[in-house]
Amino acid sequence: FTDADIISTAGITGIPDTKEVSYCNLYINGVIQPEKNYIVKKGVLELLTENIPMKEEIIVLEAVHIRNNAGILIHAQIYMYNAVSNGSKIYTDNDEIITYGNKGILGPEECTCYNLYINGSLQPKANYYFYRGNLTLITEDVPAKGCIISLQFIIAIQ
């Protein structure tokens with residue numbers, strides 16, 4: 001995909017240069033994609049998967065800018081733990097889809113910030129906690145079997 005594919009009414013200026021953003025997130029039909037599924041270059045988004053989105057599927061490339069108190073852009077690395085819901089509230093390193101990553105669940109002290117997505121929906125931090133190797137959901141309901149669970153770790157780099 002190129003800048004020419006952008007919906008102009010959205011007021012977007014184009015696919016960014018990754019040197020000018022802290023990090024990017026790609027969503028296809030609302031589901032956040034593992035970073036290994038795509039490459040972002042100024043003006044170009046390249047999907048690295050065999051399954052490409054069908055016509056009319058929504059593709060959103062989110063460019064995130066994090067700045068320190070002096071206004072200097074802070075770059076970040078992203079790592080994402082991905083699992084498929086088995087109907088449980090507890091997920092461990094053993095549940096990770098290793099096609100997308102193999103570092104397991106990091107500890108909160110190993111990252112700058114984090115986000116949990118269940119079936120593409122960002123979850124409030126009050127709904128879960130995690131420590132090295134373990135993610136526990138503290139909601140009344142469990143995710144339906146087969147839902148994608150993605151715990152995104154954002155690590156600031158200088």
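**View 1. A close-up of the second largest pocket, with a volume of about 380 Å³.** This is a predicted model, and the pocket shown here is lined by 19 residues. Look for Gln33, Asn37, Thr49, Asn51 and Tyr100, which lie nearest the centre of the second largest pocket. By class, the lining is made up of eleven nonpolar, six polar and two charged residues.

**View 2. The largest pocket, at about 690 Å³.** Here 24 residues form the lining, and those nearest the centre are Ile6, Ile7, Ile59, Val60 and Leu61. Strand S5 (residues 59–64) gives the largest share of this lining, with four residues. Sorted by class, the lining of the largest pocket has 15 nonpolar, three polar and six charged residues.

**View 3. Cys24, a buried cysteine.** A search of the whole structure turns up zero disulfides. For Cys24, the closest cysteine sulfur belongs to Cys113 and sits 15 Å away, so the two are too far apart for a bond. Cys24 counts as buried because its relative accessibility is 9%.

**View 4. Cys111 and its nearest cysteine, Cys113.** Is Cys111 buried or exposed? With a relative accessible area of 12%, Cys111 is buried.

**View 5. Model confidence along the chain.** The mean pLDDT for the chain is 91, and 96% of the residues score at least 70. If you zoom in on strand S2 (residues 31–32), you are where confidence is lowest, at a mean of 84. Strand S11 (residues 134–137) is where confidence is highest, at 98.

How values were computed
Residues numbered from 1 in each chain as written. Predicted model: local features only at pLDDT ≥ 70, side-chain atom pairs only at ≥ 80, totals over all residues. Heavy atoms only, no water. 1 Å grid on protein atoms, 1.4 Å probe; cavity = no way out; pocket = protein on both sides within 12 Å on 5 of 7 lines; lining within 4 Å. Points joined across faces, edges and corners; volume = space filled by probe spheres on them. Helix = DSSP H or I, 4+ residues; strand = E, 2+ residues; numbered from the N terminus. Nonpolar A, V, L, I, M, F, W, Y, C, P; charged D, E, K, R; others polar. pLDDT = per-residue confidence, 0-100. Disulfide = S-S within 2.5 Å. Buried < 20%, exposed > 50% of the residue type's maximum accessible area, 1.4 Å probe, protein only.
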